[in-house]
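Work through these exercises with the structure open. Try each task before you read its solution.

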Amino acid sequence: MSAAQGASLKYGVPQPFQFEAPSAWLTRLAFAQGIGDFGELRQFLGLPAQGDLDWHLQGKALDELRQRCRLPASSFAISSRLMQGVALSRLGPHKLLLSTKDGEARFRFCPCCLAERSLPYLDIHWRFACWRWCPIHDAVLQDACPDCDALVQHPYLIESTRAGRAGHASLSRCIFCSGRLAGMLVQKFARECLQVLGDVDQLWLKNGQATMAALYQQHFNLRGKWHLIQRLGDEYGLLVGLGGRHIDRKLEVWRSTRELHVAVKDPASW
Ligand SMILES: [Zn+2]
Ligand SMILES: [Zn+2]
């Protein structure tokens, strides 16, 4: 694979899903390209050899990826805007994003979402420490493989994993033991988890949704007053903690793309 000026991938490039995380998409890309050395792919795409690629892929770095892979200009737009919100928030990526000891991207996941996807992919909001609950399935997100307790991290070379060697080249499988992240029992557990939590804990989990909307919209409302996202560092405890009950309900629009776009385009409607 050459990193010649202006070179791009013409074939075998999976189309990104709207809410997909770039780091996990790179796992899908490497598999589709039959890549045996991830360092080579990172170099070709102009990516750093190590570190959190979802955080890195904004601005010029994201433009370069789109050009190298001939992706539409809207690819990873939601991820990019969220990362801008993180950058402006004064909290920084280390406080807001889940990562491994080596600083690579780590994910929670909703097993019910994964089970419904004919082509499993991972959402960018599953990277956020505050995002604990799936509003689509009323389920608590899971942290690790139910069989071996391994964390979910990306990107990786899927063919070199135990799951890949066993013919399970899917993001819905654990890379270490090949266990099903979206198995029926895991789905049942994720839904029952929420039912046994008290009302206050449930509220705490659900306030992650408002925090994501705040990062995306780059402002938020507390106690009837609007604040720029730069203020998030001062108020984060309220947004993700028990005081979150004061958050304006209008911000609980994350995951509803139509409402998000209306809110962003038409500030007068806030
Ligand atoms: Zn879900
Ligand atoms: Zn496992």
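Two residues are in contact if their C-beta atoms, placed from the backbone, lie within 7 Å. This is a predicted model: local features need pLDDT of at least 70, side-chain atom pairs need 80 or more, and totals for chains, interfaces and linings use all residues. Residues are numbered from 1 along each chain as written, while chains are lettered from A and ligands numbered from 1 in written order.

**Exercise 1.** Find which residues Phe109 touches, leaving out those up to four places away in sequence.

Solution. Start with Leu114, Leu122 and Trp126. Then add Leu141, Gln142, Val152 and Leu181.

**Exercise 2.** Place the largest nonpolar core.

Solution. Begin with two terms. A residue is buried if 20 or more other C-beta atoms lie within 10 Å of its own, exposed if 12 or fewer, and partly exposed in between. A nonpolar core joins buried Ala, Val, Leu, Ile, Met, Phe, Trp, Tyr and Cys residues through C-beta atoms within 7 Å. This core has 64 residues; Phe109, Cys110, Leu122 and Leu141 touch the most other members. Helix 10 (residues 199–217) gives the largest share, seven residues. Helices are DSSP runs (H or I, at least four residues), numbered from the N terminus. Domain 1 (22–185) and domain 2 (197–262), with bounds from an automatic or database assignment, both contribute, so the core lies between them.

**Exercise 3.** Decide where pLDDT stays under 50.

Solution. pLDDT is the predictor's confidence in each residue, from 0 to 100. The protein averages 83. Residues 242–270 stay under 50. Where pLDDT is low, the predicted coordinates should not be read in detail.

How values were computed: Helices (H or I, at least four residues) and strands (E, at least two) are DSSP runs, numbered from the N terminus.
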